[in-house]
Amino acid sequence: MPMLLEVKPDQPHVVLHSEELITSEMKQSEVSMVAEEPVIRLQDYYRQVPVAGVHTTCGEAAMMMNQDQEHPCIVLCDEQMKPTGLLMRETLYRMLNGRFAADLFYRKPVIQVVNTSPVIADIHMEATSIIDIALGRNEQHFYDCLLVTEQGRLLGVLTMRDVMSLSRRLQQASAAERVRTVSESRQEISRINDAVTKLVHAANQTVHEAREIMALSTQGEESLQHVDASYNRVHLHMESQGQHADHMLHSIKRGSGMAHSIRSLADQSGLLALNASIEAAHAGEYGRGFQIVAGEIRALAKQTREVAGNMSSLLDNIGGLTLQTVELVKASGVEIDDSSVHVTAGGATFRQLNRAVRDLSRIAEEIAMEGGKAGEVAEHIRTKLDEMVSDSE
C-alpha cells in the first residue's frame, strides 16, 4: 500500500522565522493592511478530518485515509465528539507497510496505536499561543496535527503547514502594523515638527515684540523722569512764589499800618488846625492870616485822611488777593506733590514692566533655542522613520 505522507518542510525552524516569508505578495498586502487592520480567525485555518470511534480498526482507518488522500490524520473521539486520540497518516502507513503488518494491525483497534495525548487548542485561544505550543513540542510529535475544539468538542485540526501559514499571516500583520505605526508616528512627528516650527516663530516674534515693549517702556520711564524733574522745578518755583507772596503780604500789612498811622496823624493835624482857627478868631484882626493857614492845614489834613483811607482800603484788598494767591500756591504745591508721587510710582511700574519684559524676552529666546533643537530632533526622527518605511517597502 503506497504511503501518502504530508509534505514536510526541509528546515521548519528556518522557514518559520526567516525573512524569506516576506515575499512580494506580502509586501503588496502590507499596503492594504496599513489602511485596514486584518482580522485573523482560527476557523479560517483548521480543516476537517475523518473521525474514528473506539471500535474502529486500523484497516478501517486506512480505508478512511484512502478515500481522501488530503486528510493528514484521523481523530479518535467519543460519543460527545470529545477527542481522545490522534493517528497521523505517516504513523498508520508505517505500521501497515511492514511484512506482517496485515496480520498484526489490520484487525487491531485503532485506539491501541493512537497518540492519546495530542495537543488540543481551543478555538478562542490566541494564535500566537497556538504557534508557541506547536513549536514547543518534541521532535517525535513535532509534525503531528493540533486538534481544534470548542467547549471540548472537535472542530478540526491544524497541520504544521497550517500553523506556518498562520505564523506567516501573523508576521504579515505584524509587519503591516509596524508600517502603519511608523507611518502614523511619522505623521505625528511631522505635526510635532510643524507645531515646534510655529512655536519657534511665535517665540521669535515674542522676542521682537518684547524688545519693542522694552524700548517703549524705557522711553516712558525717561519721559516720566522728565515730567518728575519738571514737577520738581515747578514745585521749587511755586515755593519761591509762596515766599515772595509771604513777603509781599507782610509788606502790605506794614503799608496798611503806615496808612492807619498817616490817617491818625491827619486826624490830629485836622484837630490842631481847628483849634488854631478858634484861637485865630479870638485874636481878631491880628489872627486873620493865621486863620487862613489853619484852614489850609485843615483842608490838607482832610485830603490826607481821605488818601490814607483809600490807601488802607487798597492795601486791604491787595492783602486779601495776596492771601488767596498764597493759598492757591500752597494748594498747587500739594497737587504737584501728589502728582509727583504718582509719576514716581509710574516710573517704578515702568521699571518693573521693563524687568518683566526682559525676563519674558529671555524665556522666549530660550524657548526658541530649545524649539530649534526639538525641531532638529523631530526632523532627524522623521528621516529615520522615512528610512524605516522605505526599508519595509
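Arginine 89 lies in helix 4, which spans residues 89-96. The model is predicted. Arginine 89 is buried, with a relative accessible area of 3%. The points below cover this arginine, the sheet of strands 4, 5 and 6, the buried face of helix 6, and the cysteines.

**Arginine 89**

- The side chain of arginine 89 reaches the backbone oxygen of aspartate 68, at a distance of 3.2 Å.
- Arginine 89 and aspartate 144 are 55 residues apart along the chain, and their C-alpha atoms are separated by 9.6 Å.
- With 3% relative accessible area, arginine 89 falls under the 20% cut-off and therefore counts as buried.

**The three-stranded sheet**

- Three strands form an open sheet in the order 4-5-6, and their pairing is mixed.
- Strands 4 and 6 are at the edges with a single partner strand each, so one side of each has no neighbour in the sheet.
- From one strand to the next, the twist averages 35 degrees.
- Strand 5 and strand 6 run antiparallel and are joined by five bridges.
- Valine 148 has glycine 156, in strand 6, as its bridge partner.
- Strands of a sheet pair through backbone hydrogen bonds, in either a parallel or an antiparallel arrangement.

**Helix 6 and its surroundings**

- Helix 6 covers residues 127-135, and its buried residues are Ala127, Ile130, Ile131 and Ala134.
- Viewed down the axis of helix 6, these buried residues fall within an arc of 100 degrees, so they line one face of the helix.
- The cover over the buried residues of helix 6 includes strand 4 (120-122), strand 5 (146-150) and strand 6 (153-158).
- Helix 7 (160-283) is also among the elements that cover the buried residues of helix 6.

**Cysteines**

- The structure holds zero disulfides.
- A disulfide is a covalent bond that links the sulfur atoms of two cysteines.
- For cysteine 73, the closest cysteine sulfur belongs to cysteine 145, at 3.6 Å, which is too far for a bond.
- The cut-off for a disulfide is a sulfur pair within 2.5 Å, so the 3.6 Å between cysteine 73 and cysteine 145 does not qualify.
- Cysteine 73 has 0% relative accessibility and counts as buried.
- Cysteine 77 also counts as buried, at 5% relative accessibility.

Methods:
Residues numbered from 1 in each chain as written. Predicted model: local features only at pLDDT ≥ 70, side-chain atom pairs only at ≥ 80, totals over all residues. Heavy atoms only, no water. Buried < 20%, exposed > 50% of the residue type's maximum accessible area, 1.4 Å probe, protein only. Helix = DSSP H or I, 4+ residues; strand = E, 2+ residues; numbered from the N terminus. Arc of directions from axis to C-beta. Contact = heavy atoms within 4.5 Å. Polar contact = N/O pair within 3.5 Å; in protein donor to acceptor, adjacent residues only side chain to side chain. Pairing = 2+ DSSP bridges. Axes fitted to C-alpha atoms, helices over the stretch in contact; angles between N-to-C directions.
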